[in-house]
Amino acid sequence: MRKSRYVWLLGISLFCLMTIVVLKTPQAVISTLADPQYGDSSRETIQQFWKFMDLRQTDLARELLDLPKGSMDEKEFKTWESLVNKDPLLSLQKVEFLNSEANDSQGIVVRVSWTSTVEKVQQFVFSMNLVKTEKGWKIQGIKRINDLSYIGGEDHGRSV
């Protein structure tokens, strides 16, 4: 009976390992183990980016970006970098994906909600473009867009 438990445990472990290998390519598994911030999907990369911004790890967030020097996208990132570093009470509340049917080559529209103890919830809508690299997904464009132009009706955004 005791040996039977070990056989079952070994069988379940092998089944889990095989499932991981079958569902993910070896490159994705190795990349994720080596650099967990590089996600296997574009949505994971966006969530990781905003998580790094919330944790004030802007150097790690910058590694997820592939922005042209001096572009408006880089200026947008620097604005947010200075904002989160300047206000220690600012905290990420949630990241919502607004266009669920968009493919990864199009812009993914996200609403990012921030909260602070001194201000009410602030919501901003971004269009983020991603590109697949050999290390995983990287953000190639980040543009703040007007909430009204996307959902039409409610004004949730405030300027920074």
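Two rings of Phe, Tyr or Trp, the last taken by its six-membered ring, count as a pair if their centres lie within 6.5 Å. By this rule the count comes to 8 aromatic pairs. The model is predicted. Its chain holds 6 helices and 4 strands. Ring pairs link F49, W50, F77, W80, W114, F124 and F126 into a cluster.

**Overall layout**

- From the N terminus on, the order of elements is α-α-α-α-α-β-β-β-β-α.
- The chain has 160 residues, and 33% of them are buried.
- Take the contacts between residues at least 6 apart in sequence: 49% of these join residues at least 24 apart.
- The exposed area of the chain is about 10,200 Å². Carbon and sulfur atoms supply 57% of that area.

**Aromatic pairs**

- A pair of aromatic rings is described by the distance of the centres and the angle of the planes.
- Planes under 30 degrees apart count as stacked, those over 60 as edge-to-face, and the rest as tilted.
- W50 and F126 have ring centres 5.1 Å apart and planes at 40°, so this pair is tilted.
- The W50–F126 pair links distant parts of the chain, 76 residues apart. W50 sits in helix α3 (residues 42-54), and F126 sits in strand β3 (residues 122-133).
- W50 is buried, with a relative accessible area of 0%. F126 is buried too, with a relative accessible area of 0%.
- W80 and F124 make an edge-to-face pair. Their centres are 4.9 Å apart, with 85° between the planes.
- W80 belongs to helix α5 (residues 72-86) and F124 to strand β3, so their pair ties together parts that are 44 residues apart in sequence.
- W80 is buried at 2% relative accessible area. F124 is likewise buried, at 2%.

**A charge over a ring**

- R43 lies over the face of F97. The distance from the ring centre is 4.6 Å.

**Strand pairing**

- Strand β1 (residues 91-97) runs antiparallel to β2, and 6 bridges join the two. In β2, S113 stands opposite K94.
- β2 also pairs with β3 in the antiparallel sense, over 7 bridges. Here R111 stands opposite V125 in β3.
- The connection from β2 to β3 is a hairpin through 6 residues.
- In β2, 7 of the 8 residues are buried, so the strand is largely enclosed by the rest of the structure.
- In a regular strand the side chains alternate between the two faces of the sheet.

**Q123 and S116**

- Q123 is found in strand β3. Its relative accessibility is 14%, so Q123 counts as buried.
- The side chain of Q123 makes a polar contact with the side chain of S113, at 3.3 Å.
- S116 lies in the loop between β2 (108-115) and β3.
- Buried means under 20% relative accessible area. S116 has 10% relative accessibility, so this loop residue counts as buried.
- Beyond its neighbours within four places in sequence, S116 is in contact with D87, L89 and L90.

**Helix α3 and the loop after it**

- F52 lies in helix α3. At 7% relative accessibility, F52 counts as buried.
- F52 and L64 are 12 residues apart in sequence. Their C-alpha atoms are 9.8 Å apart in space.
- R56 lies in the loop between α3 and α4 (58-63).
- Most residues other than glycine have a negative phi. R56 is not a glycine, yet its phi is positive, at about 65°.
- R56 is partly exposed, with a relative accessible area of 24%.

Note on methods
Residues numbered from 1 in each chain as written. Predicted model: local features only at pLDDT ≥ 70, side-chain atom pairs only at ≥ 80, totals over all residues. Heavy atoms only, no water. Buried < 20%, exposed > 50% of the residue type's maximum accessible area, 1.4 Å probe, protein only. Lys NZ or Arg CZ within 6 Å of the ring centre and 35° of its normal. Contact = heavy atoms within 4.5 Å. Areas by Shrake-Rupley, 256 points an atom, 1.4 Å probe, with all protein chains shown as cover. Pairing = 2+ DSSP bridges. Polar contact = N/O pair within 3.5 Å; in protein donor to acceptor, adjacent residues only side chain to side chain.
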